[in-house]
Amino acid sequence: MRAQSSAIAATRIAVTTTSATKPTGGTGTLLAALGVVAFSLTFPATAWGLEGFGPWSLVAVRCVLAALVAGGCLVALRVPLPDRRHLPGLAVVAAGVVVGFPLLSTLALRTSTSAHAAVVVGLLPLTTALLSALRVGTRPSRTFWTAALAGAAAVAAFTVQQSGGALTTADLYLFGALLVCAAGYTEGGRLARVMPGWQVIGWALVLCLPLAVPAAAVALAYEPVHLTARSVAGLLWLAAGSQFLGLVVWYRGMAAIGIPKASQLQLAQPLLTLVWSVLLLGEHLTVAAPLTAVAVLVCIAVTQRARG
């Protein structure tokens with residue numbers, strides 16, 4: 001239970017900070033950036049997890065473990081149940097961030113490299129900004145949209161160049177993951193304005209627990225499990241880091257600086273994942289990677305300065 005105790009301690013610090021002061025723009029940007037760093041390890045960790053688990057088992061077990069950590073934090077800190085009016089939003093977060101994105105991206109990584117998947121998912125910031133404009137009525141400036149589209153175009157060009165111009169089944173899974181994750185981010189960012197961000201993902205995880213437990217039992221019965229140090233490490237990071245703690249700081253940051261600007265920080269996520277893919281998985285980068293990195297970082301700088 002050491003991981004759960006550490007998560008409770010980290011969450012307690014986040015709660016104390018939340019109750020004491022509202023994050024400034026700089027602090028909100030830092031929190032969102034920490035979330036991006038955590039998310040950038042998701043695909044390499046998934047690749048590690050798939051070395052010992054089947055895709056359905058990996059997704060179900062990570063959900064169960066993350067829900068237990070989140071539930072333990074909620075109980076330990078005596079957090080009251082969320083209002084009924086927040087349940088539909090929490091259900092969207094659960095469907096998009098807890099179930100949809102992990103499942104679709106894991107299925108994609110059976111045949112796709114971590115690096116390729118990371119660049120495809122680089123379109124997530126633009127997708128999130130679009131859904132945010134539709135859902136919560138945000139109206140970013142023309143400069144913001146120009147920079148966002150330029151960043152998305154750079155990511156798309158990189159993806160097409162890497163895949164030889166042909167979309168694969170893995171790409172279709174990843175595009176579906178984009179849509180459901182953007183919906184979860186948008187709804188979670190909206191809820192984080194009225195309740196602490198860590199509670200948003202905490203309750204979303206707990207809502208999934210009644211389905212995740214039987215799903216894990218069935219998946220483990222049908223998919224062979226070969227435990228290795230890397231597969232266990234990947235599973236633990238997915239559950240505690242990507243699925244819970246990363247989303248705690250991410251939603252807190254989004255609430256502070258706004259959904260569109262926070263989402264643009266994720267333009268750096270594919271490039272971070274490329275680095276982890278080389279260091280942790282031994283994948284090879286192409287010459288186009290640093291060029292895309294420069295273009296993406298310029299777009300991030302522009303969107304962070306642009307006012308809605």
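Which residue forms a salt bridge with Arg 190? In this predicted model, the partner is Glu 187, and the closest N and O atoms of the two residues are 2.6 Å apart. Both residues belong to helix H9, where they sit three residues apart, about one turn of the helix. Their surroundings can be described by relative accessible area. Arg 190 has a value of 26%, so Arg 190 is partly exposed. Glu 187, at 6%, counts as buried because buried means under 20%. The idea behind such a pair is a simple one: side chains of opposite charge can pair when their charged atoms come close.

The count of salt bridges in the structure comes to three. Another of them joins the side chains of Arg 230 and Glu 51, with a distance of 2.4 Å from N to O. Arg 230 is part of helix H11, while Glu 51 lies in the loop between H3 and helix H4 (residues 55-76), so this pair ties together parts that are 179 residues apart in sequence. With a relative accessible area of 33%, Arg 230 is partly exposed. Glu 51 is partly exposed too, with a value of 39%.

Asp 83 and Arg 85 also form a salt bridge, and here the closest N and O atoms are 3.6 Å apart. Asp 83 has a relative accessibility of 41% and counts as partly exposed. Arg 85 reaches 61%, and since exposed means over 50%, Arg 85 is exposed.

Not every charged residue has such a partner, and Asp 171 is a helpful example. This residue is found in helix H9, which covers residues 169-191. Asp 171 is buried yet has no salt bridge. How far away is the nearest side chain of opposite charge? That side chain belongs to Arg 110, and it is 13 Å away. A salt bridge needs a nitrogen and a carboxyl oxygen within 4 Å, so Arg 110 is not a partner for Asp 171. The side chain of Asp 171 does, however, make a polar contact of 2.8 Å with the side chain of His 116.

Attention can now turn to the space inside the protein. A search of the whole structure finds one cavity of 30 Å³ or more. The largest cavity holds about 220 Å³ of space. Its lining is made up of 20 residues, and those nearest the centre are Phe 39, Thr 42, Phe 101, Tyr 185 and Gln 269. Several helices give two or more residues to this lining: H3 (42-49), H5 (87-108), H7 (124-136), H9, H11 (229-257) and H13 (269-281). Helix H9 thus appears again, having already been met as the home of Arg 190 and Glu 187 and of Asp 171.

Helix H5 is also the place of Val 99. This residue is partly exposed, with a relative accessible area of 37%. Val 99 and Ala 177 are 78 residues apart in sequence, and their C-alpha atoms are 9.9 Å apart in space.

Finally, the cysteines deserve a look. How many disulfides does the structure hold? The number is zero. Cys 181 has a relative accessibility of 2% and therefore counts as buried. Cys 299 is likewise buried, with a relative accessible area of 7%.

Methods: Residues numbered from 1 in each chain as written. Predicted model: local features only at pLDDT ≥ 70, side-chain atom pairs only at ≥ 80, totals over all residues. Heavy atoms only, no water. Disulfide = S-S within 2.5 Å. Buried < 20%, exposed > 50% of the residue type's maximum accessible area, 1.4 Å probe, protein only. Helix = DSSP H or I, 4+ residues; strand = E, 2+ residues; numbered from the N terminus. Lys, Arg positive; Asp, Glu negative; His and termini not counted. Polar contact = N/O pair within 3.5 Å; in protein donor to acceptor, adjacent residues only side chain to side chain. 1 Å grid on protein atoms, 1.4 Å probe; cavity = no way out; pocket = protein on both sides within 12 Å on 5 of 7 lines; lining within 4 Å. Points joined across faces, edges and corners; volume = space filled by probe spheres on them.
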